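Here are my notes on this one, point by point. Have the model open while you read.

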Amino acid sequence: GPVKSGYGRGSKTLGFPTANLPQFEDFIDKNNLKNGVYSGLALIEGGDSLMGCVSNIGVSPTFVGQENPCRIIETYIYNRENGLPDFYGKQLRLVLTGYIRPELKYSNLQDLISQIKYDVEIAK
């Protein structure tokens, strides 16, 4: 689906820019996808190669008071081609290839950042 703008905390706060796909809550529910972190592959509209990614399905509970209003998919493409511009509004095709862990609430951002780094290593 089309990539939407989010809160900007993926890139600005955490250092992991994400493609936000908030419009798939019905798809998530119908397919019984549980909240959590998944490994996957992504293809951006106009691109010609699959890129490895880590996706979170959920509400981002660490951001107390700023949780997502619904369950969304937030995808970090970790082997993003150098110089690839932002792709807001472009179609993103996503294949989830494995479940890594449940979505968790962290007591501080540094613990969350460390966990995301570890998730990326697992996904690779």
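**Notes on the fold, the cores and the charged pairs**

1. Let's start in the sheet: alanine 42 sits across from leucine 94, a residue of β5. Keep in mind throughout that this is a predicted model. The two strands involved, β2 and β5, run antiparallel and are paired over nine bridges.

2. β2 has another antiparallel partner in β3, this time over seven bridges. If you want a landmark for that pairing, look at serine 39, which faces valine 54 in β3. β2 and β3 make a hairpin with six residues between them, and glycine 46 in the turn takes a positive phi of about 90°.

3. Is β2 mostly covered or mostly open? Mostly covered: of its nine residues, seven are buried.

4. Now for the largest nonpolar core, which has 14 residues; the members touching the most others are Val3, Ile44, Ile77, Phe87 and Leu92. Two or more residues of this core come from each of β1 (19–21), β2 (36–44), β3 (51–58) and β4 (72–77). A separate core of 13 residues lies apart from it, and Leu14, Phe16, Ile113 and Ala123 are among its members. As general background, nonpolar side chains in soluble globular proteins tend to be buried together.

5. On to the second largest pocket, with a volume of about 170 Å³. It is lined by 11 residues, and those closest to the centre are Leu21, Phe24, Phe27, Ile73 and Leu94. Which element gives the most to this lining? That would be β5, with five residues. By character, the lining splits into nine nonpolar residues, one polar and one charged.

6. Phenylalanine 24 deserves its own look. You'll find it in the loop between β1 and α2. Its relative accessible area is 24%, so phenylalanine 24 counts as partly exposed, given that buried means under 20%. Its C-alpha lies 9.9 Å from that of isoleucine 57, with the two positions 33 residues apart in sequence numbering.

7. Charged pairs next: searching the whole structure turns up three salt bridges. One of them joins the side chains of aspartate 29 and arginine 71, at 2.7 Å from N to O. This pair ties together distant parts of the chain, 42 residues apart, with aspartate 29 in helix α2 (residues 25–30) and arginine 71 in the loop between β3 and β4. The two ends differ in cover: aspartate 29 is partly exposed at 39% relative accessibility, whereas arginine 71 is buried at 16%.

8. Aspartate 119 and arginine 101 form another salt bridge, with their closest N and O atoms 2.8 Å apart. Here too distant parts of the chain are linked, 18 residues apart: aspartate 119 belongs to helix α3 (residues 109–123) and arginine 101 to strand β5 (residues 92–102). Are the partners buried or exposed? Aspartate 119 is buried, with a relative accessible area of 2%, and arginine 101 is buried as well, at 12%.

9. Last, glutamate 121 and lysine 124 meet through their side chains in a salt bridge of 3.8 Å, N to O. Lysine 124 has 60% relative accessibility and so counts as exposed, the cut-off being over 50%. The general point behind these pairs is that side chains of opposite charge can pair when their charged atoms come close.

Technical notes: Residues numbered from 1 in each chain as written. Predicted model: local features only at pLDDT ≥ 70, side-chain atom pairs only at ≥ 80, totals over all residues. Heavy atoms only, no water. Core = buried A, V, L, I, M, F, W, Y, C linked by side-chain atoms within 4.5 Å. Buried < 20%, exposed > 50% of the residue type's maximum accessible area, 1.4 Å probe, protein only. Helix = DSSP H or I, 4+ residues; strand = E, 2+ residues; numbered from the N terminus. Salt bridge = Lys/Arg side-chain N within 4 Å of Asp/Glu carboxyl O. 1 Å grid on protein atoms, 1.4 Å probe; cavity = no way out; pocket = protein on both sides within 12 Å on 5 of 7 lines; lining within 4 Å. Points joined across faces, edges and corners; volume = space filled by probe spheres on them. Nonpolar A, V, L, I, M, F, W, Y, C, P; charged D, E, K, R; others polar. Pairing = 2+ DSSP bridges.
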